[in-house]
Amino acid sequence: MSKFSLYLLKLFLKNLAVVSLFVMILLWLSSAYGNLNILDGYDYSAVDFIVVGIYSTILGINPIIPIIISVSIIVTMIILMRSNELLAYMVIGGSLARLSIPLVLIGVVISSFMLFMDYKAVPEVREVRENMLKTMRDMPVSNNASGFYDTWFLDKNQVITHISLVSISEKTIYGVDEYILDKNGRISNINKTEKLVKEDDKWVAYNTQQMSILSNPPEIKHIDRNVLNDDSWDRLISISTSDIRAYTPTELYTLIQLFREKGINTDTLELNLYYKFAYAVSVIVLIILLYPISINFSRNYSIVKNASLTFSISLVFILVHHSSRSLGSSGIIPPIAATFGPIIIFLCIGIFLIYYRSLAK
């Protein structure tokens, strides 16, 4: 790596730190204002208020990282062009393509950081924050995610299943009702189970009522305890929340497997899973795309005009990415194409622009 590449890298990291700090302060102020309403009427100290705001900032930082990267790239290139350092580098035979390598490497590191946040940091911080809020409200604190409730499934055998509550910490599923349809689509049997408990690597059903409602009078059979040969429930108790936006990639993959076994459409889940990876990769794409666009050696060069154009391009990329995701949610485009299509298109445009600018004399 040349000395100028190292200089560019240090300058970009400096600008990235300044922009990140500024954005995080704004994010903390915004979350602190929201926490005033959440904590209204509860007992908390100034330290508690600050810490909750920090947790909220951590939870909200991932979605705005691409914007932070865009601003950092623009500021860095403006500084290099105003001082004519980039022009001097090109005059002595420097390569814009080689100069982009350290920026791309930083993009890879930041993308990895975003995936780490999604996999590890965000779920743990969310749990700590919720427990802290519960303590302030004098509510019981859970040792693990509480699970989710009031969930319906329709499997490929046309069995409608309703689950009242899934407790991850207890490895217990409460209130399992199965509605079995006959060939005419009428409910012929209803199985009601008080709870399913994971015991010694086996699922055990307690207090099950099996009712055949087509007979007159209905036939009812009661089973106190029944060991099941069905391990599909294992995946269900590994999901820590019912809010699809808060799922980790591991939880999304788990739900996709479970839904496929139940014969349920998984397009929405797949879209959210792919999007977590694509959004992390978008940082690299933005660096490759904005780096050549922000370079302008024209005599009529205008900092405001060039910065506005470059930032507008980043907003166009983000808008196209979100629009494509919406088309995927509507079923118009397959999930993987809706998620990675814009990534591939804009990546190719960025690589072409770097190559084109490198050839320019």
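Me: How many helices and how many strands does the protein have?
Reply: The structure shown here is a predicted model, and its elements are counted from that prediction. In this model the protein has six strands, and beside them its helices number 10.

Me: What radius of gyration does the protein have, set against that of a compact globule of 361 residues?
Reply: For a compact globule of 361 residues the radius of gyration would be near 21 Å. The C-alpha trace spans about 95 × 55 × 35 Å along the principal axes of the protein. Set against the globule value, the radius of gyration of the protein is 27 Å.

Me: What percentage of the residues in the protein is buried?
Reply: A residue counts as buried when its relative accessible area is under 20%. By that cut-off, the buried part of the 361 residues in the protein comes to 43%.

Me: What share of the exposed area of the protein do carbon and sulfur atoms supply?
Reply: The protein exposes an area of about 19,600 Å². Of this area, the share that carbon and sulfur atoms supply is 61%.

Me: Which strand has the lowest mean pLDDT among the elements of the protein?
Reply: The protein as a whole averages a pLDDT of 83, and 90% of the residues score at least 70. Among its elements, strand β5 (residues 202–212) has the highest mean, 92, whereas the lowest mean, 69, belongs to strand β1 (residues 148–154).

Me: Where is the pLDDT below 50?
Reply: Where pLDDT is low, the predicted coordinates should not be read in detail. The stretch in question has 13 contacts in the model beyond near neighbours in sequence, and its pLDDT is below 50 over residues 142–146.

Methods
Residues numbered from 1 in each chain as written. Predicted model: local features only at pLDDT ≥ 70, side-chain atom pairs only at ≥ 80, totals over all residues. Heavy atoms only, no water. Helix = DSSP H or I, 4+ residues; strand = E, 2+ residues; numbered from the N terminus. Rg over C-alpha atoms; globule rule 2.2 N^0.38 Å. Buried < 20%, exposed > 50% of the residue type's maximum accessible area, 1.4 Å probe, protein only. Areas by Shrake-Rupley, 256 points an atom, 1.4 Å probe, with all protein chains shown as cover. pLDDT = per-residue confidence, 0-100. Contact = heavy atoms within 4.5 Å.
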